[in-house]
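Visitor: I am new to this structure and would like a close look at a single part, taken slowly. Please begin with one loop and its surroundings, and then set that part beside a few others.

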Amino acid sequence: MAESKSDTDFLKEFYIPAYIFNDETKFSDVRDAPKFPVLVFINSKSGGQLGGDLLNTYRSVLNEHQIFDVGEEAPDKVLRKVYTRLEKLKQEKDEFATNIHERLRIIVAGGDGTAGWLLGVVCDLKLPHPPPIATVPLGTGNNLPFSFGWGKKNPGTDRNSVLSFLEQVMKAKEMKIDNWHILMRMRAPKEGPCDPIAPLELPHSLHAFGRVSSTDELNMEGYHTFRGGFWNYFSMGMDAQVSYAFHSERKLHPEKFKNQLVNQSTYAKLGCTQGWFAASVFHPSSKNVAQLAKVKIMKKHGQWQDLHIPQSIRSIICLNLPSFSGGLNPWGTPSGRKKNERDLTAPYVDDGLLEVVGFRDAWHGLVLLAPKGHGTRLAQAHRIRFEFHKGAADHTYMRIDGEPWKQPLPKDDDAVVVEISHLGQVNMLATQNCRSKSVSDVSSSTSHHNGEEDDDFSDEDDSRAEPEFRKFGAADTFRIPDEIDISQLS
């Protein structure tokens, strides 16, 4: 193990004693605090049986009080309790607890939806020094873990695999990542539903996207307003439709989806049966993005401008990370010529910009498998607005970080509006294999001059957080108690 330590000595660096979690347990023998105290959140239903096995292993090597199953204990409630307890102990001059608070890290194991849920909760805490987060790839796509060097294959769940992962957590560096707010608003329809329709039932991670309460500042009389957030991507169109079919099938027959390879194979088959490989034949042009909506972008703070969408585009993706659909990079790395002609840059994860990419069909998507391949680059923007045309269609499909839904579109009155804006940043943990690039990284600023330029592929078309957004991610009930001074949570 690291530095020839025994397993026991090694694990002490991550171990949090029980008294940190409840008043009934006393801790009198105060020793040096662990250097890398961790809270571990695991979706026991992810990865078939793997989630449950991983949960048991972590509970066997660390204090079971610091291990949580997100299906049984919501992360927002857990973190509210932990941080309230830590603040109380700090006020009692507990130096051990103070060190735990300053050094705390989070591990989350699950799909991208689960990871995004945790990121949203941490974002809502608005701590001066929020705990950085490491992600265990336990889903189908695993775009978040892959982007930060944690891999995309489901991990081993035995003791040695867990110790190996903890060693990576110990050596990991912190990186900033942008987070994005999404707002959807429509006039209350005269008839029919307008709430997002999830596959059979609402996935627990989709709680981050829901109707605002009547007391929310974004609520408007006579309108239905929904809000949420994402870290990886927002997509609309045929890719979201295929994802919706996959999730629906998995909900109906969970016993068939216990193997990552089988899951990915099933996903590909659904792409065929949904007509994604022959979109121009099986799907009317009314489903093309340009027919459904007008798209506007704000490249920097200032005026909106119309974004031209080629008529053949059936799927549009707004990317925050350089990973989509299990590790593919739809944006690629624009060449020096593209940078000069269209002001396109490499996809940095902390530059306050989203990369907007379009696809015609699945065959177009396969270009991503080729060296330097990429989709149709449409724009990079600080803010994006979709205005769905009245009566263009009765529904469309949308997806946030791997979680799809079917969105009814009213046929009367005003158009449905979806607006995405930059909200802030949270901290991630990244390994030496990290694929994401930061604007503060000197080496990444020259990456598009290192032979990875993509002039071999041309774009199909060569055209080109505000105060009102405040929170997303955690349940509406999540509030730091009034007696705790949030300014002191440092």
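Guide: Helices and strands are runs assigned by DSSP (H or I over at least four residues for a helix, E over at least two for a strand), and they are numbered from the N terminus. This is a predicted model, in which local features need pLDDT of at least 70 and side-chain atom pairs count only at pLDDT 80 or more, while totals for chains, interfaces and linings use all residues. Residues are numbered from 1 along each chain as its sequence is written, and side-chain values use heavy atoms, with hydrogens and water left out.

The loop to begin with is the one between β10 and β11, where His308 is found. Three words describe cover here: a residue is buried under 20% relative accessible area, exposed over 50%, and partly exposed in between, with a 1.4 Å probe and protein chains only. His308 has a relative accessibility of 41%, and therefore counts as partly exposed. Looking back along the chain from His308, one meets Lys294, which lies 14 residues away in sequence and 8.6 Å away in space, C-alpha to C-alpha.

Lys294 leads into the strands, which are said to pair if DSSP finds at least two bridges between them. Lys294 stands opposite Glu387 in β14, and this is part of the pairing in which strand β9 (residues 293-298) and strand β14 (residues 383-388) run antiparallel, joined by six bridges. Strand β9 is also joined to strand β10 (residues 305-306), again antiparallel, through two bridges, and in that pairing Ile297 faces Gln305 of β10. Together β9 and β10 make a hairpin with six residues between them, and within its turn Gly302 has a positive phi of about 155°.

On the other side of the loop that holds His308 comes β11. Strand β11 (residues 315-319) runs antiparallel to strand β12 (residues 354-359), and five bridges hold the pair together; Ser315 has Phe359 as its bridge partner in β12. Both strands belong to an open sheet of six strands, with antiparallel pairing, whose order is β13-β12-β11-β8-β15-β16. At the edges of this sheet are β13 (376-381) and β16 (403-408), each of which pairs on one side only.

The edge strand β16 offers a residue to set beside His308, for Lys406 is found there. Its relative accessibility is 27%, and so Lys406 counts as partly exposed. Lys406 is in contact (heavy atoms within 4.5 Å) with Asp195, Pro196, Ile197, Tyr244, His395, Thr396 and Tyr397, when neighbours within four places in sequence are left aside. Lys406 and Ala240 are 166 residues apart along the chain, and their C-alpha atoms are separated by 8.6 Å.

A second loop shows another degree of cover. Lys93 sits in the loop between α3 and α4 (95-103), and, because its relative accessible area is 74%, Lys93 is exposed. The backbone of Lys93 also deserves a glance, as its phi is positive, at about 65°, although the residue is not a glycine.

For cover of the opposite kind, one can turn to strand β4 (residues 133-137), where five of the five residues are buried. Both of its faces are covered, with Ile133, Thr135 and Pro137 buried on one side, and Ala134 and Val136 buried on the other. Strand β4 runs parallel to strand β3 (residues 105-110), to which it is joined by five bridges, and within this pairing Ile106 stands opposite Ile133.

These parts belong to a protein that has 13 helices and 17 strands. Across its 490 residues, the buried ones make up 58%. Coming back to the starting point, His308, partly exposed at 41%, occupies the loop between β10 and β11; behind it lies the hairpin of β9 and β10, and ahead of it is β11, which is one of the strands in the open sheet.
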